[in-house]
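Me: Please take a close look at the charged side chains in this model and how they pair. I would like one connected account, with the surroundings included.

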Amino acid sequence: MSTFLERLIDERDELRNKYEKLDGFLFTEQFEKLDDVQAALLQIQHSSMKTYLQCLNERLIRLEPQIGFE
């Protein structure tokens with residue numbers, strides 16, 4: 001596996017971990033206690049992270065035929 005591919009997979013995995021943690025946080029009492037601006041910013045961050053994660057996944061899918069990634 002190439003260094004480039006390893007970095008891309010690591011980036012995707014790290015982002016997925018952070019995204020999942022934030023996703024869980026959005027349904028907690030702590031989140032409900034945040035002021036409206038902080039809550040809105042976290043929701044924007046959550047949406048942006050989801051888009052970024054989808055982009056990384058798509059890049060990996062499109063690289064698969066070129067590198068034999070399984």
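Reply: What follows goes through the salt bridges, then the surface patches, then two separations in space.

This is a predicted model, so local features are read only where pLDDT is at least 70, and side-chain atom pairs only at 80 or more.

Start with the count. A search of the whole structure turns up three salt bridges. Side chains of opposite charge can pair when their charged atoms come close. The cut-off here is a side-chain nitrogen of Lys or Arg within 4 Å of a carboxyl oxygen of Asp or Glu.

Take R12. R12 sits in helix α1. With a relative accessible area of 14%, R12 is buried, because buried means under 20%. The side chain of R12 has a salt bridge to the side chain of D13, at 2.7 Å from N to O. The R12 and D13 side chains are also listed as a polar contact of 2.7 Å. R12 has another partner in N57: their side chains make a polar contact of 3.1 Å.

Now D13. The relative accessibility of D13 is 30%, so D13 counts as partly exposed. D13 also forms a salt bridge with R16, where the closest N and O atoms are 2.8 Å apart. Both R16 and D13 belong to helix α1. They are three residues apart, about one turn of the helix. R16 is partly exposed, at 34% relative accessible area.

Next, R62 and E58. The place of R62 is in helix α3, which covers residues 36–67. The side chains of R62 and E58 meet in a salt bridge of 2.9 Å, N to O. A polar contact of 2.9 Å joins these side chains as well. R62 and E58 are four residues apart in helix α3, so about one helical turn separates them. R62 is exposed, with a relative accessible area of 58%. E58, at 35%, counts as partly exposed.

How do the salt bridges of R12, D13 and R16 join up? They share partners, and R12, D13 and R16 form one network. Within that network, R12 is buried at 14%, D13 is partly exposed at 30%, and R16 is partly exposed at 34%.

Now the charges on the surface. E6, D10, E11 and E14 form a negative surface patch. Why is a residue such as D13 not eligible for a patch? Patch residues must have over 30% relative accessible area and no salt bridge. D13 has a salt bridge with R16. One member of the negative patch, E11, has its place in helix α1, residues 3–25. E11 is at 31% relative accessibility, so E11 counts as partly exposed.

There is a nonpolar patch too. V37, L41 and I44 make a nonpolar surface patch of about 290 Å². Among them, I44 lies in helix α3. Is I44 buried or exposed? At 52% relative accessibility, I44 counts as exposed, because exposed means over 50%.

D36 is also placed in helix α3. The relative accessibility of D36 is 68%, so D36 counts as exposed. How far is D36 from L8 in space? The two are 34 Å apart, C-alpha to C-alpha, and 28 residues apart in sequence.

N17 gives another separation, starting from helix α1. N17 is partly exposed at 38% relative accessibility. N17 and S47 are 30 residues apart along the chain, and their C-alpha atoms are separated by 15 Å.

To pull the pairing together: R12 pairs with D13 at 2.7 Å. R16 pairs with D13 at 2.8 Å. R62 pairs with E58 at 2.9 Å. For R12, keep the polar contact with N57 in view as well.

Key:
Residues are numbered from 1 along each chain as its sequence is written. Side-chain values use heavy atoms; hydrogens and water are left out. Patches are made of residues with over 30% relative accessible area and no salt bridge: like charges are joined within 9 Å, nonpolar side chains (Val, Leu, Ile, Met, Phe, Trp, Tyr) within 5 Å. Accessible areas come from the Shrake-Rupley method with a 1.4 Å probe; for residues, only the protein chains shown count as cover. Lys and Arg count as positive and Asp and Glu as negative; His and the chain ends are not counted. The place of a charge is taken as NZ of Lys, CZ of Arg, CG of Asp or CD of Glu. Helices (H or I, at least four residues) and strands (E, at least two) are DSSP runs, numbered from the N terminus. Buried means under 20% relative accessible area, exposed over 50%, partly exposed in between (1.4 Å probe, protein chains only). A polar contact is a pair of N or O atoms within 3.5 Å; within protein, one must be able to donate a hydrogen and the other to accept it, and residues adjacent in sequence count only if both atoms are side-chain atoms.
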